[in-house]
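Got your viewer open? Here's a walk through the fold, one selection at a time.

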Amino acid sequence: MTGNSTARFHRAAAVNDLVDDIPLALAIEGWPVLICRSGNEIRAVINRCTHAIAELASGRVRRGHVICPLHGARFELASGKCIGGPYLPLQVFETRIAADWVEVALPDGKP
Ligand code: FES
C-alpha cells in the first residue's frame, strides 16, 4: 500500500479452497483480485495485467510468479514487479489468515 490511502481487510476465500498454483479470481468491493497459494504462502494481486489489462486468472502460476496469458509478461506475486519486461508492477494487496479464511486488504474507494 502506498501514499495516504487506507485499506480494510475483506474476507476473500476459505484457505482450504485454495489449490497450490491455481489462481482464484474474485471481485471484492469492485476490485478484481487474484489470489494465489503456494504452500503456506498466499498472495493477492490485482487481476489485471499492467500492459493491456488482460485478466491474469488464466495465466500460469509457478514459483511465486504469474504469467500473463495474453503476451507472456511475468510478474512476481510478492512485489508485483514485472520480471524481464518493461511493464509497470501489479498492484499487490496485503493478505492475512483469520479463522481459516484468507482476508485481503483493499483500498477504500473504487478501483
Ligand atoms: S496484456 Fe499482459 S503482457 Fe500484454
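## Start in the core

Select V33, L34, I35, A44, V45 and V104: within the largest nonpolar core, which has 22 residues, these touch the most other members. Three strands, β3 (31–38), β4 (41–46) and β11 (101–107), each put at least two residues into this core. The largest share is from β3, with five residues. Keep in mind as you click around that this is a predicted model.

As background, nonpolar side chains tend to be buried together in soluble globular proteins.

Now centre on V104. Leaving aside residues up to four places away in sequence, V104 touches F9, H10, A12, I28, V33, A44, F93 and T95. Show those as sticks.

## Zoom out

Switch to cartoon and colour by secondary structure. The chain has 11 strands and zero helices, so there is nothing but β in the pattern along the sequence: β-β-β-β-β-β-β-β-β-β-β. The C-alpha trace spans about 35 × 35 × 20 Å along its principal axes. What radius of gyration would a compact globule of 111 residues have? It would be near 13 Å, and the chain has 13 Å, which agrees.

Two more numbers go with this view. Of the 111 residues, 26% count as buried. Among contacts between residues at least 6 apart in sequence, 44% join residues at least 24 apart.

## First sheet: β2-β3-β4-β9

Select β2, β3, β4 and β9. They form an open sheet in that order, with antiparallel pairing. The edge strands, each pairing on one side only, are β2 (24–28) and β9.

Next, isolate β3 and β4, which pair in the antiparallel sense over six bridges. Two cross-strand pairs are good to label here: I35 has A44 as its bridge partner, and R37 stands opposite I42. Both I35 and A44 were in your opening selection of core residues.

Follow the hairpin round its turn. Two residues lie between β3 and β4, and G39 takes a positive phi near 65°.

Then move to the other neighbour of β4. The strand β9 (residues 92–93) pairs with β4 in the antiparallel sense over two bridges. Label V45 and V92, which are bridge partners.

## Second sheet: β5-β6-β7-β8

Hide that set and select β5, β6, β7 and β8. This is an open sheet of four strands in that order, and its pairing is antiparallel. On the edges, pairing on one side only, are β5 (61–62) and β8 (82–83).

Zoom in on β6 (residues 65–67) and β7 (residues 74–76): three bridges join them in the antiparallel sense. Label V66 and, opposite it in β7, F75.

## Two backbone oddities

Time for the torsions. Most residues other than glycine have a negative phi.

Select E29, in the loop between β2 and β3. It is not a glycine, yet its phi is positive, about 55°. Is E29 buried, exposed or partly exposed? With 14 other C-beta atoms within 10 Å, E29 is partly exposed.

Last stop: I53, in the loop between β4 and β5. I53 is another residue other than glycine with a positive phi, near 50°. Because I53 has 12 C-beta neighbours inside 10 Å, it counts as exposed.

How values were computed. Residues numbered from 1 in each chain as written. Predicted model: local features only at pLDDT ≥ 70, side-chain atom pairs only at ≥ 80, totals over all residues. Core = buried A, V, L, I, M, F, W, Y, C linked by C-beta atoms within 7 Å. Buried ≥ 20, exposed ≤ 12 C-beta atoms within 10 Å, placed from the backbone. Contact = placed C-beta atoms within 7 Å. Rg over C-alpha atoms; globule rule 2.2 N^0.38 Å. Pairing = 2+ DSSP bridges.
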